[in-house]
Amino acid sequence: MSTLQLHSAPTSSSSFAPITTSRLLQTSRVSLRNAVRCKAIEAVQLENGRPSASEFVVSGNAIPSYVVAPNARIRDLVHRSDTRLRIFSGTANPALSQEIACYLGLELGKIKIKRFADGEIYVQLQESVRGCDVFLVQPTCPPANENLMELLIMIDACRRASAKNITAVIPYFGYARADRKTQGRESIAAKLVANLITEAGANRVLACDLHSGQSMGYFDIPVDHVYGQPVILDYLASKTICSDDLVVVSPDVGGVARARAFAKKLSDAPLAIVDKRRHGHNVAEVMNLIGDVRGKVAVMVDDMIDTAGTIAKGAALLHQEGAREVYACTTHAVFSPPAIERLSSGLFQEVIITNTIPVAEQNYFPQLTVLSVANLLGETVWRVHDDCSGGIEPYSSLGID
């Protein structure tokens, strides 16, 4: 089995000079200084083994060996202000939580999470959070219902422990695709989940690359929406691809706005669109291609890959239309079966994702590249805690108001 390389985005984009613009240079600096370097094959050391164990205790006594150093500027600010900032991790993605804490120069808060024999979840904070600004890092990735319920109980535990502010850091927001009624008698689960998080006691939500912008309006509390796009762009900037050879492809009509914004930051690269007709949930059929990809390097951009049906059929169509190489870029790697078989079938030169969702060891394949969003989220956590705006360059693309 090949080794998966887990990268932080490079701090320099000089090798990508042919397609570098001033806007890209501004974007690439977002939260990526002193980048955290990681190895995906080295697991976070937990007291009770893997996160799937019946009892899970996160302790910040030791920083994992794969993390190099926290951001010095943030660390000095934290120590100078004698902050009451606390970061706790759920069981969904403890490695990302540890990287975020490392960026801030903090230790993860001690929390005990266990599951009883009947499946009920038990949460106990093992340190005081009275009057503290608490950030709970927990994506609601598969198993979505387990992780969502765990997040709700963590929020409730912090509220009953008299935390001053509780921010739910949700790198991947499950149920985001159920954001509207497409047929009669359907539920809008995204609104229901937003209500649950609010009623549990969260004061704020920090999310990354929501499936649709209107999901922010489902919350009755402030939502900070950040994008993984700068991290992916910075990595692409390290590729020696001529700008004249690039074309950005949206795998469906609904993702055109996302792909257009991505293309503008790649020297305003041309745009192509895959027209597909969906016959059912998780089933897609490619019908036509709008745009020219012959002899080009096609970069397909989407917010998530679930079963990979849409993006795989789109890639096959691009090859039929004469594309030289196809890259897949996405923030959230859900990777439901048979995604791995489709992605590793040779259609893609490279599949670029981020670590908002942990990648299981059996899901590694040679073309997979994982980029870390820990610095992006860590910078955002500090700015939320310190009441800073994200609108000051070079942080305007964080999406914080």
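**Exercise 1.** In this predicted model, decide from sulfur distances what the disulfide count is, starting with Cys-158.

*Solution.* The cysteine sulfur closest to that of Cys-158 belongs to Cys-132, at 9.7 Å. A disulfide requires two cysteine sulfur atoms within 2.5 Å. The 9.7 Å separation is therefore too far for a bond. Applying this rule to the model gives 0 disulfides.

**Exercise 2.** Classify Cys-158 and Cys-208 as buried or exposed.

*Solution.* The cut-off for buried is under 20% relative accessible area. Cys-158 has 0% relative accessibility, so Cys-158 is buried. Cys-208 has 1%, so Cys-208 is buried as well.

**Exercise 3.** Locate the largest nonpolar core relative to the domains, then find the core that includes Cys-158.

*Solution.* The largest nonpolar core holds 42 residues, and Leu-104 and Phe-262 have the most contacts inside it. Its top contributor is helix α10 (residues 374–385), which supplies 6 residues. Residues of this core come from both domain 1 (72–226 + 376–389) and domain 2 (229–357), so the core lies between the two domains. Cys-158 belongs to a second, separate core of 36 residues, which also includes Leu-151, Val-205 and Phe-219.

**Exercise 4.** Check the length of helix α8 (residues 309–320) against its expected span, then describe its buried residues and what comes just after it.

*Solution.* With 12 residues at 1.5 Å a residue, α8 should span 16 Å. The C-alpha atoms at its ends are 17 Å apart, which agrees. Buried residues of α8 include Ile-311, Ala-315, Leu-317 and Leu-318; Gly-309 and Gly-314 are also among them. Just after α8, Gly-322 adopts a positive phi of about 100°.

Notes:
Residues are numbered from 1 along each chain as its sequence is written. This is a predicted model: local features need pLDDT of at least 70, side-chain atom pairs count only at pLDDT 80 or more; totals for chains, interfaces and linings use all residues. Side-chain values use heavy atoms; hydrogens and water are left out. A nonpolar core is a set of buried Ala, Val, Leu, Ile, Met, Phe, Trp, Tyr and Cys residues joined through side-chain atoms within 4.5 Å. Buried means under 20% relative accessible area, exposed over 50%, partly exposed in between (1.4 Å probe, protein chains only). Helices (H or I, at least four residues) and strands (E, at least two) are DSSP runs, numbered from the N terminus. Domain bounds come from an automatic or database domain assignment. The expected span of a helix is 1.5 Å times one less than its number of residues.
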